[in-house]
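Take a look at the model below and turn it around a few times. We'll walk through it together, starting on the outside and working our way in.

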Amino acid sequence: MTKLAIAALLAGSAAAFTSSPAPKSTVALHETKADLKELGPKLNPVVGYFDPLGVADSAFWGKSDEFTIGWLRQAEIKHGRVAMAAFVGYCVQSNFNFPWAMTLDGTAFPSTSLSPPEQWDALPLASRIQIILFVGFLEFYSELTPGGGVESGLTHYTKGGVPGKYPTFDAIPHSIPFKSLYDPFGLHTNMSAESKEKRLRAEINNGRLAQLGIFGFLCEQTIPGSVPLLKGIVPAIEAKGAIAMAPLS
């Protein structure tokens, strides 16, 4: 459980890589199509701006294109972070586990003889519920805005805020040992805007690759032979009809 909770923390670890919403930088992420077209070649000079389905012009839920682009950028950054945590966690959990007891009754952490999805299934129900609630809190807290009754919230990413930027924990009523997911000890408070934006671009590219990587693991595990490069490396789920990491089953 501890390992998975750490992975959940890492999902928001790159929040400080985003730029400040003002002043506008030529490479900062904003909610206009022109900004996306400018950013595309910086992320991938070969592909450039890539939107064959025209989703940037879809005006989701009858909202503006700026609302839609902000929502899509936030979704991509968030999914990339989760995928990076999942990919690293999959590799680590396949080879290492904590030597101390997982629960108060002395139950050990699931063995590395199990694949990561099987390790999740082997966790006690209470452990899985704790992890889901913790991740749910992180998601809820990330959506808080000043208009929502808190002083430390951020302008929403669909309303001119910075996609991917995670708020500090100043609004939590009790004291906690750190105030930021990415920089809990304040070691990067003086990082320049240029460095943050360069790291953000790297984060987006790494997140895209990690999404392919973790789905490659899960596909090979649930459909043996579907990813030839992983054949014999990623074990198949042994239980017939098993669903990889079904939340509470």
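Let's begin on the surface, where Phe87, Val88, Val92 and Phe96 make up a nonpolar patch with about 350 Å² of accessible area together. To count as part of a patch, a residue needs over 30% relative accessible area and no salt bridge; like charges are joined within 9 Å, and nonpolar side chains (Val, Leu, Ile, Met, Phe, Trp, Tyr) within 5 Å. The accessible areas themselves come from the Shrake-Rupley method with a 1.4 Å probe, and for residues only the protein chains shown count as cover. One member of the patch, Val88, sits in helix H3, which covers residues 65-93. Val88 is partly exposed, at a relative accessible area of 48%. Here "buried" stands for under 20% relative accessible area, "exposed" for over 50%, and "partly exposed" for what falls in between (1.4 Å probe, protein chains only).

A word about what you're looking at: this is a predicted model, so local features need pLDDT of at least 70 and side-chain atom pairs count only at pLDDT 80 or more, while totals for chains, interfaces and linings use all residues. Residues are numbered from 1 along each chain as its sequence is written, and side-chain values use heavy atoms, with hydrogens and water left out.

Now zoom out. The protein chain has six helices and zero strands, giving the pattern α-α-α-α-α-α along the sequence. Helices (H or I, at least four residues) and strands (E, at least two) are DSSP runs, numbered from the N terminus. Of the 249 residues in the chain, 37% are buried. The chain exposes about 14300 Å², and carbon and sulfur atoms supply 65% of that. If you look at contacts (heavy atoms within 4.5 Å) with a separation of 6 or more, 60% of them involve residues 24 or more positions apart.

Next, find Glu76. How far apart are the closest N and O atoms in its salt bridge with Arg73? They are 2.5 Å apart. A salt bridge, by the way, is a side-chain nitrogen of Lys or Arg within 4 Å of a carboxyl oxygen of Asp or Glu. Glu76 and Arg73 are three residues apart in helix H3, so about one helical turn separates them. Arg73 is buried, with a relative accessible area of 9%.

Glu76 also forms a salt bridge with Arg208, again with the closest N and O atoms 2.5 Å apart. Because Glu76 lies in helix H3 and Arg208 in helix H6, this pair ties together parts that are 132 residues apart in sequence. Arg208 is partly exposed, at 32% relative accessibility. Put together, Arg73, Glu76 and Arg208 are linked in a network of salt bridges.

The structure holds six salt bridges, and another of them joins Lys78 to Glu139, with the closest N and O atoms 2.8 Å apart. That pair links distant parts of the chain, with Lys78 in helix H3 and Glu139 in helix H5 (residues 125-142), 61 residues apart. Lys78 is partly exposed at 23%, and so is Glu139 at 36%.

What about empty space? On a 1 Å grid over the protein atoms alone, a cavity is a set of points where a 1.4 Å probe fits but cannot get out; a pocket is an open set with protein on both sides within 12 Å along at least five of seven lines, and lining residues have an atom within 4 Å of a point. Grid points are joined across faces, edges and corners, and a volume is the space filled by probe spheres set on the points. There are two cavities of 30 Å³ or more. The second largest holds about 40 Å³, and its lining includes Glu76 and Arg208. H3 gives the most to that lining, with five residues. The second largest pocket has a volume of about 550 Å³. Of its 20 lining residues, Phe50, Asp51, Arg73, Glu76 and Arg208 lie nearest its centre.

Finish in the loop between H2 and H3, home to Ala59 and Trp61. Most residues other than glycine have a negative phi. Ala59, though, has a positive phi of about 50 degrees, and Trp61 has one near 55 degrees. Ala59 is partly exposed at 25%, whereas Trp61 is exposed at 59%.
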